[in-house]
Amino acid sequence: MRHTAHVARLKDPGRNCRMAKKTTKNNGSAGTSTIALNKKARHDFFIEERIEAGLSLEGGEVKSLRDGRAQLKESYVVIRNGEAWLLGCHISPLASASTHVTPDPIRTRKLLLHRRELDRLIGAVERRGYALVPTALYWKRGKAKLEIGLARGKKQHDKRATEKDRDWERQKARIMKHG
């Protein structure tokens, strides 16, 4: 009798789980949840390739990220001395995290990339005129990851064309729904 109960438990592993569910946005893949998005990046740039990078963070910043206190709106990535750095990313410190240390919310943070990836990015930025734009900040297997877009800047007429296409798609969906 005991053996069959064990087999039944194996068939339904979620039956006895009592874990709390987080209320963060999930982007579809297992184990990842979004902390912050840079929606303006898609408006201002043609993003041709996306690269995932780790972040070098301090303890209080990790707590702030878990609380969802991050902004990528005016941030950008710079390559200095063969290393990638995130500038302008605002991670608000938690008041309850520390009373004696006041961290800088907009400090420069090092990005963790493999040497081969860094060399490829350096070549794209310096030789071909690309920009490195942070597009998303998310959790992956308990670690904070930053999605960097290898991008070209849009001109004003490109932005208008994109907006026009978006409006047409919206209108087409309305017509199909009602007609």
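By class, the residues that line the largest cavity comprise four nonpolar, two polar and three charged members. The lining is formed by Glu61, Ser64, Ile91, Ser92, Pro93, Pro103, Asp104, Pro105 and Arg109, and the volume that these residues enclose is about 30 Å³. When the whole structure, which is a predicted model, is searched for cavities of 30 Å³ or more, one is found.

With regard to the overall fold, the protein contains five helices and nine strands, and these elements follow one another along the sequence in the pattern α-β-α-β-α-β-β-β-β-β-α-β-β-α. Of the 179 residues in the protein, 29% are buried.

The largest nonpolar core holds 26 residues, among which Leu65, Leu111, Leu137 and Leu146 touch the most other members. At least two residues of this core are supplied by each of strand S1 (32-37), strand S2 (45-55), strand S5 (83-87), helix H4 (115-128), strand S8 (131-140) and strand S9 (143-153). The greatest contribution comes from S9, which gives four residues to the core.

Aromatic rings were examined both for contacts with one another and for contacts with charged side chains. The structure holds zero aromatic pairs, but two arginines are placed over rings, as described for each in turn. Arg66 lies over the face of Trp139, at a distance of 4.0 Å from the ring centre. In the case of Arg152, the charged end sits over the ring of Tyr130, and the distance to the centre of that ring is 4.3 Å.

Helix H5, which spans residues 156-178, includes two residues whose C-alpha atoms were compared in position with those of residues far from them in sequence. One of these is Glu163, which lies in H5 and is separated from His43 by 120 residues in sequence, although the C-alpha atoms of Glu163 and His43 are 9.0 Å apart in space. Glu163 counts as partly exposed because its relative accessibility is 42%, a value that falls between the limits of 20% for buried and 50% for exposed residues. The other is Gln156, also a residue of helix H5, which is 112 residues from Asp44 along the chain, while the C-alpha atoms of Gln156 and Asp44 are separated by 9.0 Å. Gln156 has a relative accessible area of 48% and is therefore partly exposed.

Backbone geometry was also considered in two of the loops. In the loop between strand S4 (76-80) and S5, where Asn81 lies, the phi angle of Asn81 is near 50°, a positive value in a residue other than glycine. Asn81 has a relative accessibility of 81% and so counts as exposed, the limit for this class being over 50%. A positive phi is likewise found for Arg141, a residue other than glycine, whose value is near 55°. Arg141 is placed in the loop between S8 and S9, and it counts as exposed because its relative accessibility is 74%. The two strands on either side of the loop that holds Arg141 are both among the elements that each supply at least two residues to the largest nonpolar core.

Note on methods
Residues are numbered from 1 along each chain as its sequence is written. This is a predicted model: local features need pLDDT of at least 70, side-chain atom pairs count only at pLDDT 80 or more; totals for chains, interfaces and linings use all residues. Side-chain values use heavy atoms; hydrogens and water are left out. On a 1 Å grid over the protein atoms alone, a cavity is a set of points where a 1.4 Å probe fits but cannot get out, and a pocket is an open set with protein on both sides within 12 Å along at least five of seven lines; lining residues have an atom within 4 Å of a point. Grid points are joined across faces, edges and corners, and a volume is the space filled by probe spheres set on the points. Ala, Val, Leu, Ile, Met, Phe, Trp, Tyr, Cys and Pro count as nonpolar, Asp, Glu, Lys and Arg as charged, and the others, Gly among them, as polar. Rings of Phe, Tyr and Trp (its six-membered ring) pair if their centres lie within 6.5 Å; planes under 30 degrees apart count as stacked, over 60 as edge-to-face and the rest as tilted. A charge sits over a ring if NZ of Lys or CZ of Arg is within 6 Å of the ring centre and within 35 degrees of the ring normal. A nonpolar core is a set of buried Ala, Val, Leu, Ile, Met, Phe, Trp, Tyr and Cys residues joined through side-chain atoms within 4.5 Å. Buried means under 20% relative accessible area, exposed over 50%, partly exposed in between (1.4 Å probe, protein chains only).
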